[in-house]
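Colleague: I have a model to read and do not know where to start. Could we go through it one feature at a time?

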Amino acid sequence: MKSEPDAYSIDDLKQDGQVRWSGVRNYEARNIMRDKMNVGDRALFYHSNVKPPSIVGEMEVCTEPYPDPLQFDPDSKYFDEKSSESDPRWQLIDVKFIQKFEKPVTRDALKEDSFFDEMQLFKRNRLSITSVTKEEYEKILKMAGV
DNA sequence: GCCAACGTTGGC
DNA sequence: GCCAACGTTGGC
């Protein structure tokens with residue numbers, strides 16, 4: 001799950017403990033949160049738009065999917081006038097902090113290893129939430145030294 | 001329903 | 001800061 005650290009970082013999550021993953025306005029990313037994620041699932045926190053782009057920590061899904069409140073807030077940049085409380089368009093989950101990697105795993109490090117060639121992070125370039133296989137996940141934890 | 005125009009993301 | 005990739009919008 002990507003976030004620009006200027007907007008929200010792994011350190012912010014460490015401090016907050018838990019956060020609502022608000023603001024996703026892409027159907028595919030939404031579908032992953034709505035359909036694929038279950039309470040207790042682990043997820044990787046990816047810092048985008050910084051040098052170097054890296055996986056910086058681990059978190060855990062801690063709610064069922066529910067409507068993103070910002071879609072109903074006219075003052076929010078994430079307001080969606082085509083959505084309604086009775087038929088909400090945007091669903092999300094909350095995640096809680098598990099750990100921050102002492103050794104972040106850089107995008108470059110993943111690219112150097114052909115094991116990760118098929119990783120959705122690379123296949124679906126700009127998607128803010130992509131799926132990770134169990135094998136990829138475990139190898140990334142190893143690379144992070146945990 | 002097609003597709004050009006447009007806007008955004010995010011690596012580089 | 002550039003620009004490729006790609007999703008969305010809206011005219012027709």
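Colleague: How many residues of the surface near DNA strand C are nonpolar, how many polar and how many charged?

Modeller: A residue is near a strand, or a molecule, if one of its heavy atoms lies within 4 Å of it. For the classes, Ala, Val, Leu, Ile, Met, Phe, Trp, Tyr, Cys and Pro count as nonpolar, Asp, Glu, Lys and Arg as charged, and the others, Gly among them, as polar. Near DNA strand C there are one nonpolar, one polar and two charged residues. They are N26, Y27, R124 and R126.

Colleague: What should I know about the model before going on?

Modeller: It is a predicted model, in which local features need pLDDT of at least 70 and side-chain atom pairs count only at pLDDT 80 or more, while totals for chains, interfaces and linings use all residues. Residues are numbered from 1 along each chain as its sequence is written, chains are lettered from A and ligands numbered from 1 in the order in which they are written, and side-chain values use heavy atoms, with hydrogens and water left out.

Colleague: Which parts of DNA strand C are within 4 Å of the protein?

Modeller: Sugar or phosphate makes up 64% of those atoms, and bases make up the rest. Next, look for polar contacts, which are pairs of N or O atoms within 3.5 Å; within protein, one must be able to donate a hydrogen and the other to accept it, and residues adjacent in sequence count only if both atoms are side-chain atoms. An N or O atom in the side chain of R124 is 3.0 Å from a phosphate oxygen of DNA strand C. R126 has a polar side-chain atom 2.6 Å from a sugar or linking oxygen of that strand.

Colleague: Which residues are around DNA strand B?

Modeller: K2, Y46, N49, P53, R107, K111, R126 and S128. Of the atoms of DNA strand B within 4 Å of the protein, 77% belong to sugar and phosphate. K2 places a polar side-chain atom 3.3 Å from a phosphate oxygen of DNA strand B. With N49, a backbone N or O atom lies 3.0 Å from a phosphate oxygen. R126 reaches a base oxygen of DNA strand B, at 2.8 Å from a polar side-chain atom.

Colleague: Is N49 buried or exposed?

Modeller: Buried means under 20% relative accessible area, exposed over 50%, and partly exposed in between, with a 1.4 Å probe and protein chains only. N49 counts as exposed because its relative accessibility is 65%. It sits in the loop between β3 and β4; helices (H or I, at least four residues) and strands (E, at least two) are DSSP runs, numbered from the N terminus.

Colleague: What is there to notice in the backbone of that loop?

Modeller: Most residues other than glycine have a negative phi, and most peptide bonds are trans. N49 has a positive phi, near 65°. P52 is in the same loop, between β3 and β4, and the peptide bond from K51 to P52 is cis, with omega near -15°.

Colleague: Which residues of the largest nonpolar core touch the most other members?

Modeller: In soluble globular proteins, nonpolar side chains tend to be buried together. A nonpolar core is a set of buried Ala, Val, Leu, Ile, Met, Phe, Trp, Tyr and Cys residues joined through side-chain atoms within 4.5 Å. Here the largest has 21 residues, and M1, W21, M33, M37, F45, M59 and I129 touch the most other members. At least two residues of this core come from each of α1 (10-16), α2 (27-36), β3 (42-47) and β4 (54-61). Another core, of 14 residues, lies apart from it and includes Y46, M119, Y137 and A144.

Colleague: Where do the buried residues of α2 lie around its axis?

Modeller: The buried residues of α2 are A29, R30, I32 and M33. They are on the same side of α2 because they cover an arc of only 155° around the axis, taken from the directions from the helix axis to the C-beta atoms. β6 (91-92) is part of what covers them. At the N-terminal end of α2, N26 acts as a cap, with a side-chain oxygen 2.9 Å from the backbone nitrogen of E28.

Colleague: What is the place of S3?

Modeller: S3 belongs to strand β1 (residues 2-3) and counts as buried, at 10% relative accessibility. A polar atom of its side chain lies 2.6 Å from the backbone oxygen of Y8.

Definitions and conventions. Contact means heavy atoms within 4.5 Å.
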